Amino acid sequence: MQETPARIDTIVAALDADGRFVRESPGDHGRSAIDAVHDPAMVDFVAGAHAAWSGAAGHDIAIPDVFLHPGLRSGMPPSTPPKSPLGALGYWCFETTTPMVAGTYAAARAAVDCALTATDIARSTAGASYALCRPPGHHAATAVFGGYCFFNNAAIAAQHAITNGADRVAILDVDYHHGNGTQQIFYDRADVFYASLHGDPDRAYPYFVGHAHELGTGHGHGCNVNVPLPEGCDDGRYLDALGGVLTTLEQFAPDLLVVSLGLDLYADDPLGDFAVTTNGIGAVGEAIASLHRPTVILQEGGYAVAALGDNAVAFLDAFTRPIDRAQR
Ligand SMILES: [Zn+2]
């Protein structure tokens, strides 16, 4: 598994060494902001899954191996969660790369608290803040988790802002992988705009979501933008695509911008196939910072551990510069 604690240690060390970043401890925001986005029954399951699993099977790591594939009940009413811990895992989780251990629920709750604390700071200062969330969140949908993600930090942050008075929030997802969970959660919403640049799902995880024709539905039609990109996508190609997305995003005039920052867009990432350099990642940060919106940046993926610190600093660099109000 690529999602390791060393990722976070590397980024913390780089930000501390840089010296321009002020650390804030996350505050406890409770569970209500999570229940506002996810099915509370799934949250209950994540809270108790490890205890149920270890009691039932005597193992320390819970990984599902049978899933609620939609074809199983095609033409029939939906199923309910089975009592079996293994069955329930396959009901609430969509794949096998998201093991649960004794500290999973506490870590997922802490990641949400990081995201919400950073959101409060970005909104109260009308500036930018960065939350070093682990586990990441953008693959977690309303009622199913997976892809190293349990609770959707970006979606919870966006909904938290709406609940607390924001009229419109835009989520920009630059992780190499499409944020299927974020898209699903807001697919019919006109108050949350979601845009993602990612490896084309024809070849890249999560495979089944993230196509260009997925535009949102009902009131949310037009509020979902997907830009699938080819293998080998380099700085120029990526920045061109980003420019188009940012033009559309600006037309939405968000009160808050949430950035799902996956550093797996980097050329040497073991889970990606783009050719974006550290300089390119800096240019991506600069383009986003130039919008001068209140911005909360949430860490998603990124698995080239040795380069993560440099890449995080490169992205955040433009957000450390004073805003020239005359340019607004
Ligand atoms: Zn990713």
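These legends describe close-up views of a predicted model of one protein chain.

**Figure 1. The whole chain, with ten helices and six strands.** The C-alpha trace spans about 60 × 45 × 40 Å along its principal axes. The radius of gyration is 19 Å, which agrees with the value near 20 Å for a compact globule of 328 residues. Buried residues account for 48% of the 328 residues. Take the contacts between residues at least 6 apart in sequence: 76% of them join residues at least 24 apart.

**Figure 2. The largest nonpolar core, with 94 residues.** Six members touch the most other members: Ala115, Ile156, Ala157, Ile171, Val258 and Leu298. Helix H5, residues 104-125, gives the most to this core. Its share is nine residues.

**Figure 3. Leu298 and the residues it touches.** Residues up to four places away in sequence are left out of this view's list. Leu298 touches Ala115, Ala131 and Cys133. Leu298 also touches Asn153, Ala154 and Ala157. Val258, Val259, Ser260 and Leu261 complete the list. Among these partners, Ala115, Ala157 and Val258 are, like Leu298 itself, listed with the core members that touch the most others.

**Figure 4. Helix H6, residues 153-163, mostly covered.** Nine of the eleven residues in H6 are buried. They are Asn153, Ala154, Ala155, Ile156, Ala157, Ala158, Gln159, His160 and Ala161. Gly165 follows H6. The phi of Gly165 is positive, near 115°.

**Figure 5. The packing of helices H1 and H10.** H1 covers residues 5-18, and H10 covers residues 305-316. Their axes lie 8 Å apart, at an angle of about 40°. This angle makes H1 oblique to H10. The crossing is right-handed. From H1, the residues that meet H10 are Ala6, Arg7, Thr10, Ile11, Ala13, Ala14, Leu15 and Asp18. From H10, Val305, Leu308, Gly309, Asp310, Ala312 and Val313 take part.

**Figure 6. Asp255 in the loop between helix H8 and strand S5.** H8 covers 235-252, and S5 covers 256-261. Asp255 is partly exposed because 17 other C-beta atoms lie within 10 Å, while a buried residue would need 20 or more and an exposed one 12 or fewer. Leaving out residues up to four places away in sequence, Asp255 touches Ala166, Asp167, Arg168 and Val169. Ala6 of H1 also serves as a reference point. Asp255 and Ala6 are 249 residues apart in sequence. In space, C-alpha to C-alpha, Asp255 and Ala6 are 34 Å apart.

Technical notes: Residues are numbered from 1 along each chain as its sequence is written. This is a predicted model: local features need pLDDT of at least 70, side-chain atom pairs count only at pLDDT 80 or more; totals for chains, interfaces and linings use all residues. A nonpolar core is a set of buried Ala, Val, Leu, Ile, Met, Phe, Trp, Tyr and Cys residues joined through C-beta atoms within 7 Å. Helices (H or I, at least four residues) and strands (E, at least two) are DSSP runs, numbered from the N terminus. Two residues are in contact if their C-beta atoms, placed from the backbone, lie within 7 Å. The radius of gyration is taken over C-alpha atoms; the globule rule is 2.2 Å times the number of residues to the power 0.38. Axes are lines fitted to C-alpha atoms, for helices over the stretch in contact, and angles run from 0 to 180 degrees between N-to-C directions. Angles under 35 degrees count as roughly parallel, over 145 as roughly antiparallel, 65 to 115 as roughly perpendicular and the rest as oblique. A crossing is left-handed if the near helix is turned anticlockwise from the far one by less than a right angle, and right-handed if clockwise.
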